[in-house]
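Please open the model in your viewer and keep the sequence panel beside it. The tour below goes from the whole chain to single side chains, with a selection to make at each stop.

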Amino acid sequence: MENEAPAPATRLKEHSGVAANVVSAVAGLVALVQAIRSDPLWIVLGLVALAALVAYQSWRRRWRAAGLAAVALLVLGVAGWGLHQDGRQATPAAGPTTPAGTTTTLPAPATTAAATPAGAPNGSTPGGGTGAPTGTPAAVVFSDVVQLDQKTGVDVDEGRAVKRYAQDATVDLYLDWGYILYSSARHSALYDDTYAGPEEGAEARCATYREARRTSAPHHYVGSGQQFCFTTSDGHPGWLQVVNQAGDGGAVIKLTVWRD
């Protein structure tokens with residue numbers, strides 16, 4: 001008797017199972033990529049789990065499953081190596097180091113007070129309201145170069161750079177693993193200013209980005225020469241330029257914040 005062809009219902013069930021497996025694999029790959037970008041520990045855990053799976057399937061003599069797990073182990077290992085090398089491409093720049101768990105305070109820069117018309121309240125303009133008069137530069141809250149190590153933040157709202165080692169509500173900028181720079185949690189916006197011009201004129205450009213509600217991102221991969229406008233946790237407008245990547249995942253950043 002000749003073998004009968006599979007019934008249509010059986011073929012439909014097999015195709016549905018294959019489609020479900022493909023969707024699950026894609027979803028798992030997306031979740032794995034996000035996890036790897038957030039913390040390199042996931043790479044190590046994934047490698048250990050896949051190595052254990054290869055050993056177990058080989059012991060059970062399930063060679064196909066062992067081969068698939070070995071391929072996944074190889075791909076994950078290459079991806080982890082690539083991410084690690086990408087974070088170390090820049091030449092390390094010399095700079096002071098700060099032990100984890102301590103708070104470092106840099107000297108406060110000199111500030112330039114905005115001119116106030118005679119008879120007007122301090123910090124107000126002739127037409128009422130607050131802020132610097134039209135055409136007059138805003139007072140500078142902070143202007144200096146800071147070095148952020150991996151998983152280190154800084155708060156500059158008080159006129160000095162105070163290092164932070166947790167991404168809390170007071171942090172103005174936070175450098176995570178993989179050169180991912182986060183803006184303040186309260187405002188969560190980085191405006192790309194890389195090709196817009198030099199530091200002179202940055203205050204006006206940053207104001208334009210905010211007023212026009214230009215597209216921004218809460219975090220961004222940063223490399224040497226990139227520029228961004230942002231807002232501190234206290235609401236002050238700021239501008240930064242990445243001078244260089246430094247150390248193991250750190251960056252030297254030129255930073256200016258104005259009083260809005």
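Of the 260 residues of the protein chain, what percentage counts as buried? The share is 32%, where buried means under 20% relative accessible area, exposed means over 50%, and partly exposed lies in between (1.4 Å probe, protein chains only). Before going further, please note that this is a predicted model, in which local features need pLDDT of at least 70 and side-chain atom pairs count only at pLDDT 80 or more, while totals for chains, interfaces and linings use all residues. Residues are numbered from 1 along each chain as its sequence is written, and side-chain values use heavy atoms, with hydrogens and water left out.

**The whole chain**

Show the protein chain as a cartoon, and its secondary structure comes to 4 helices and 10 strands; these are DSSP runs numbered from the N terminus, helices being H or I with at least four residues and strands being E with at least two. Read from the N terminus, the order of elements is α-α-α-β-β-β-β-β-β-α-β-β-β-β. If you then switch to a surface, the accessible area is about 15500 Å², of which carbon and sulfur atoms hold 59%, as computed by the Shrake-Rupley method with a 1.4 Å probe, and for residues only the protein chains shown count as cover. Taking contact to mean heavy atoms within 4.5 Å, 56% of the contacts between residues at least 6 apart in sequence join residues at least 24 apart.

**Helix α4 and its cover**

Select helix α4, residues 202–211, whose buried residues are A202, R205, C206, A207 and Y209. The cover over these buried residues includes β6 (191–192), β8 (227–231), β9 (237–246) and β10 (250–258). Just after α4 comes R213, which has a positive phi, near 50°. Add R214 to the selection: its charged end sits over the ring of Y209, 4.3 Å from the ring centre, the criterion being NZ of Lys or CZ of Arg within 6 Å of the ring centre and within 35 degrees of the ring normal.

**Salt bridges**

The structure holds 4 salt bridges, each defined by a side-chain nitrogen of Lys or Arg within 4 Å of a carboxyl oxygen of Asp or Glu. Side chains of opposite charge can pair when their charged atoms come close. Stay with R205 and add D193, since the two form a salt bridge whose closest N and O atoms are 2.7 Å apart. R205 lies in helix α4 and D193 in the loop between β6 and α4, so the pair ties together parts that are 12 residues apart in sequence. R205 is buried at 15% relative accessible area, and D193 is buried at 0%.

Next select K254 and E199, which form a salt bridge with the closest N and O atoms 2.9 Å apart. K254 belongs to strand β10 and E199 to the loop between β6 and α4, so this pair ties together parts that are 55 residues apart in sequence. K254 is partly exposed at 31%, and E199 is partly exposed at 26%.

Then go to D155 and R164, whose side chains meet in a salt bridge at 3.7 Å, N to O. Here D155 is buried, with 10% relative accessibility, whereas R164 is partly exposed, with 27%.

**K163 in strand β3**

Select K163, which is placed in strand β3 (residues 162–164) and is buried, with a relative accessible area of 9%. What does the side chain of K163 reach at 3.0 Å? It reaches the backbone oxygen of Q147.

**An aromatic pair**

Of the 3 aromatic pairs in the structure, select the one formed by Y179 and Y221, which is edge-to-face, with 6.4 Å centre to centre and 80° between the planes. Rings of Phe, Tyr and Trp (its six-membered ring) pair if their centres lie within 6.5 Å, and planes under 30 degrees apart count as stacked, over 60 as edge-to-face and the rest as tilted. Y179 is in the loop between β4 (173–176) and β5 (180–183) and Y221 is in strand β7 (residues 219–221), so that the pair links distant parts of the chain, 42 residues apart. Y179 is buried at 2%, while Y221 is partly exposed at 31%.

**Last stop: H236**

Finally, select H236 in the loop between β8 and β9, a buried residue with a relative accessible area of 12%. Leaving aside residues up to four places away in sequence, H236 touches V141, D157, F230, T231, V257, W258, R259 and D260.

Terms used
Polar contact = N/O pair within 3.5 Å; in protein donor to acceptor, adjacent residues only side chain to side chain.
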